[in-house]
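Dear colleague,

I am passing on to you the structure we spoke about, with the sequence alongside. Please open it first, and then read the notes below with the model in view.

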Amino acid sequence: MRWTNSPSRFKKLSRLTAFHYFSSFIRHHTHSIIVKDFTLETYRLYLQAIRRNFDHILRFDEFLNMESGSRPDSFCIIRHDVDRKPANALKMALMERDLEIRSTYYFRTKPRVFRPEFIKTIQELGHEIGYHYECLSDEKGNRQMAMINFEQNLSRLREIATVNSISMHGRPLSKYDNRDMWKFENAREKLKNDFGINGEIYLHIDYSEIAYIGDTGRNWDSAKSNKRDFVNSKINLNIKDGKALLDLLQNNPPSKLVFQIHPERWTDNKMEFEIQKLRDSAVNIVKSFR
Ligand SMILES: [Zn+2]
């Protein structure tokens with residue numbers, strides 16, 4: 001009797017198992033179709049969610065110009081560090097303009113990044129241009145030289161764009177932390193009086209109540225492989241992947257958010273995508289040995 005029942009039970013079980021595998025396959029692959037992270041297509045989804053959920057999308061110069069008491073209770077600042085590939089930055093700037101979003105682009109002044117035509121156009125699209133400085137690592141820790149380097153590069157950038165705020169370039173493989181060039185009393189006053197800069201965005205912003213989400217190290221967990229690109233925020237979000245990030249931005253966004261994106265990491269071109277992915281994992285491996 002047991003043998004007569006078995007084949008049908010077995011069939012039923014294998015149908016259930018097949019269904020289970022089929023549905024989990026569909027679930028898994030639908031997610032990867034919808035959220036293939038680090039593509040421009042997905043970046044647009046993040047932007048749309050931000051657009052829908054934040055009444056105030058600020059640039060850093062606007063934020064720094066507001067007295068702390070007059071800042072909105074809820075806001076999002078989108079920050080780009082243009083470490084490489086300024087053409088990718090322009091693509092993002094156009095997409096943001098398309099969605100009526102204005103953000104901040106911090107440009108390095110290295111030859112392949114310092115491309116006046118891109119910088120100028122991005123500013124004309126309504127975005128802020130800032131200086132992504134790396135003077136202390138360029139000058140191997142010599143602060144005096146770093147200050148001269150800073151002044152020269154800032155004025156080169158100002159020949160093209162208005163610059164009111166700065167952010168350090170992390171240079172994960174360098175032993176120098178570029179922020180250290182401002183480690184002296186009244187540094188903010190010096191920045192303001194001598195250079196007309198309203199703030200260094202790592203040093204002169206209190207992030208304790210601001211959520212900080214960034215793509216450094218090709219993951220959204222700021223504690224994971226970020227040697228320098230992190231801030232002291234009390235808001236711990238633990239975002240495990242792009243799908244979780246989209247879900248958060250769409251359904252449960254933090255009230256105050258800085259969203260940090262490196263344009264070189266984002267592309268719809270398959271070859272460029274794979275190369276960048278390899279590059280990111282190589283850098284992460286080197287970082288993990290330091
Ligand atoms: Zn950088």
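Helix 4 and helix 5 run roughly parallel to each other, and since this is a predicted model, please take this and everything that follows as a description of a prediction. The axes of helix 4, which spans residues 86-98, and helix 5, which spans residues 116-124, come within 10 Å and cross at roughly 15°; because angles under 35 degrees count as roughly parallel, the pair falls into that class. The crossing of helix 4 past helix 5 is left-handed. On the side of helix 4 the contact is made by Pro86, Ala87, Ala89, Leu90 and Ala93, and on the side of helix 5 by Phe118, Thr121 and Ile122. Sorted by character, the residues of this contact comprise 7 nonpolar and 1 polar, with no charged residue among them.

Turning to the interior, the largest nonpolar core holds 56 residues, and those that touch the most other members are Ile50, Cys76, Ala89, Tyr105, Phe107, Ile122 and Phe259. Two of these names will be familiar from the helix pair, as Ala89 belongs to the helix 4 side of that contact and Ile122 to the helix 5 side. For Ile50, once neighbours within four places in sequence are left aside, the contacts are with Ile57, Cys76, Leu249 and Phe259.

For the chain as a whole, the secondary structure consists of 10 helices and 8 strands, and 35% of the 290 residues count as buried. Among contacts with a separation of 6 or more, 72% are between residues 24 or more positions apart.

Two residues deserve a look at their backbone angles, and the background is that most residues other than glycine have a negative phi. Lys140, although not a glycine, has a positive phi of about 50°, and it sits in the loop between helix 6 (135-138) and helix 7 (143-158). Is Lys140 buried or exposed? Lys140 has 11 C-beta neighbours inside 10 Å and therefore counts as exposed, the cut-off for that class being 12 or fewer.

Asn186 is the other residue, with a positive phi near 60°, and it lies in the loop between strand 5 (163-168) and helix 8 (187-195). Because Asn186 has 9 C-beta neighbours inside 10 Å, it too counts as exposed.

With best wishes

Notes. Residues are numbered from 1 along each chain as its sequence is written. This is a predicted model: local features need pLDDT of at least 70, side-chain atom pairs count only at pLDDT 80 or more; totals for chains, interfaces and linings use all residues. Axes are lines fitted to C-alpha atoms, for helices over the stretch in contact, and angles run from 0 to 180 degrees between N-to-C directions. Helices (H or I, at least four residues) and strands (E, at least two) are DSSP runs, numbered from the N terminus. Angles under 35 degrees count as roughly parallel, over 145 as roughly antiparallel, 65 to 115 as roughly perpendicular and the rest as oblique. A crossing is left-handed if the near helix is turned anticlockwise from the far one by less than a right angle, and right-handed if clockwise. Two residues are in contact if their C-beta atoms, placed from the backbone, lie within 7 Å. Ala, Val, Leu, Ile, Met, Phe, Trp, Tyr, Cys and Pro count as nonpolar, Asp, Glu, Lys and Arg as charged, and the others, Gly among them, as polar. A nonpolar core is a set of buried Ala, Val, Leu, Ile, Met, Phe, Trp, Tyr and Cys residues joined through C-beta atoms within 7 Å. A residue is buried if 20 or more other C-beta atoms lie within 10 Å of its own, exposed if 12 or fewer, and partly exposed in between; C-beta atoms are placed from the backbone.
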